[in-house]
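Let's walk through this structure together, with an eye on how the protein holds its ligand. Take a moment to turn the view around before reading on.

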Amino acid sequence: MDRLTTTAAGTLFGIHGEPAHERIVLATDAPTGLQAVIAVYSTARGPAFGGCRYWQYASDHEAYNDALRLSQGMAFKNALADLPFGGGKAVILRKPDALDRTAMFKAFGRLVQSLDGIYLTAEDVGTTADDMRAVQSETRYVSGIPRSGDVYGGNPSPRTAYGVFIGLQAAVDSALGRKSLDGVSVALQGLGSVGWDLCERLHQAGAQLIVSDIDATRTARAAQMFGARVVEIAQIAGVEADVFAPCALGGSITAEVAAHCRFKVIAGGANNQLMSLAEGDVLHQRGIFYAPDFLVNAGGIISCVREYLGSAEEASVLAEVAQIGPRVFELAGRVSATGVAPARAAVAWAREKMVAA
Ligand code: NAD
């Protein structure tokens with residue numbers, strides 16, 4: 001169970017040394033150029049729900065492994081959020097050549113439809129509400145679509161950011177005994193949909209921000225609007241701060257970062273922050289509280305699920321997302337009781353819920 005994340009070696013049937021995935025679909029559609037992986041890790045709690053990533057990978061294997069890891073993370077995330085869904089994820093391989101994007105996402109919609117509802121999709125990194133509208137023209141197994149005349153639904157990022165903020169607050173309270181974020185320093189990596197929203201919330205709460213992004217216009221704006229200190233992308237994990245909030249892509253917490261970072265708490269929006277559970281153990285041994293990504297970034301999937309089920313009012317969704325706070329405290333209690341590092345304790349907790357279902 002050591003290979004939670006980026007270094008995970010994908011086998012034909014799943015992640016090396018882990019329970020196999022239920023289904024892994026590789027699909028191409030020549031007319032549109034679609035090349036996709038849909039990985040269904042578990043449907044124990046219900047149909048596998050998880051977004052669709054559109055990304056340019058160094059190799060097909062990297063894309064395959066990403067789908068495996070992300071789908072496993074979705075199973076843990078949905079279980080810990082008490083959602084009646086299993087975990088799955090789709091990855092569409094982005095090519096440098098220009099494609100008819102709408103036609104390709106329609107082809108992806110037909111692929112999702114062909115799975116008869118065992119997998120439900122939504123936005124993830126690289127995909128937009130317009131892409132999901134194209135998917136929706138071919139299948140009803142999709143969420144994250146804005147509704148006209150109704151602010152609810154659509155882009156889940158604001159709800160993700162809200163949940164990360166709540167989780168970060170709880171982690172700081174639990175680990176540092178600080179009830180307020182006023183004066184707490186936060187190093188935030190990635191000022192995209194989630195990271196920017198989180199930045200705004202942290203600034204309003206009085207946190208001191210240190211930021212990095214590959215996009216210099218975003219960091220310049222953060223400096224201007226939030227008084228954030230900007231550092232190079234290679235430096236953010238090495239700065240000294242109370243909190244590290246990874247909100248870019250996965251794999252920020254390498255062995256090197258785990259062994260040498262100068263943070264007290266880690267809580268952020270990015271999926272698959274740890275290279276493996278071993279890095280989580282090192283953080284724990286060093287007294288750094290890591291609030292697992294799949295626990296604190298569940299706001300977006302909660303939003304998509306409630307939209308999909310048609311059972312959502314904004315206030316009730318936010319109340320459900322706010323439950324991330326008490327869950328961080330419960331995790332901290334489990335860590336104190338067992339001595340097991342938070343990442344491992346959270347995986348065990350999620351598996352309990354999957355087995356119980
Ligand atoms: P996004 O693409 O809007 O933002 C990512 C940001 O990270 C961009 O500003 C990009 O320039 C920056 N970035 C990329 N590489 C970087 C690097 N090496 N250093 C610093 N910055 C870098 O994506 P997003 O929707 O904000 O998602 C961010 C993370 O949160 C992803 O890991 C995603 O899987 C996860 N997540 C997102 C949601 C959601 O609702 N959007 C939900 C759950 C998890």
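In this predicted model, start at R218, where a polar side-chain atom lies 2.4 Å from an oxygen atom of the ligand. Taken alone, the ligand would expose 830 Å², and the protein buries 82% of that.

Two other contacts are worth finding. The side chain of S157 places an N or O atom 3.0 Å from a nitrogen atom of the ligand. At G192 the backbone takes part instead: one of its N or O atoms lies 3.4 Å from an oxygen atom of the ligand.

Now step back to the space around the ligand. What kind of space does the ligand take? The ligand occupies the largest pocket. Two elements, α4 (157–176) and α5 (193–204), each give two or more residues to the shell around the ligand.

How many residues surround the ligand? There are 25, and the closest are R53, T160, D213, R218 and A248. By character, the shell divides into 10 nonpolar, 10 polar and five charged residues.

Finally, look at where the shell comes from. Domain 1 (5–73 + 85–136) and domain 2 (157–297 + 325–356) each supply at least three of the shell residues. As you rotate the model, try tracing R218, S157 and G192 around the ligand once more.

Key:
Residues numbered from 1 in each chain as written. Predicted model: local features only at pLDDT ≥ 70, side-chain atom pairs only at ≥ 80, totals over all residues. Heavy atoms only, no water. Near = heavy atom within 4 Å. Polar contact = N/O pair within 3.5 Å; in protein donor to acceptor, adjacent residues only side chain to side chain. Areas by Shrake-Rupley, 256 points an atom, 1.4 Å probe, with all protein chains shown as cover. 1 Å grid on protein atoms, 1.4 Å probe; cavity = no way out; pocket = protein on both sides within 12 Å on 5 of 7 lines; lining within 4 Å. Sits in = over half its atoms within 2 Å of the grid points. Helix = DSSP H or I, 4+ residues; strand = E, 2+ residues; numbered from the N terminus. Nonpolar A, V, L, I, M, F, W, Y, C, P; charged D, E, K, R; others polar. Domains from an automatic or database assignment.
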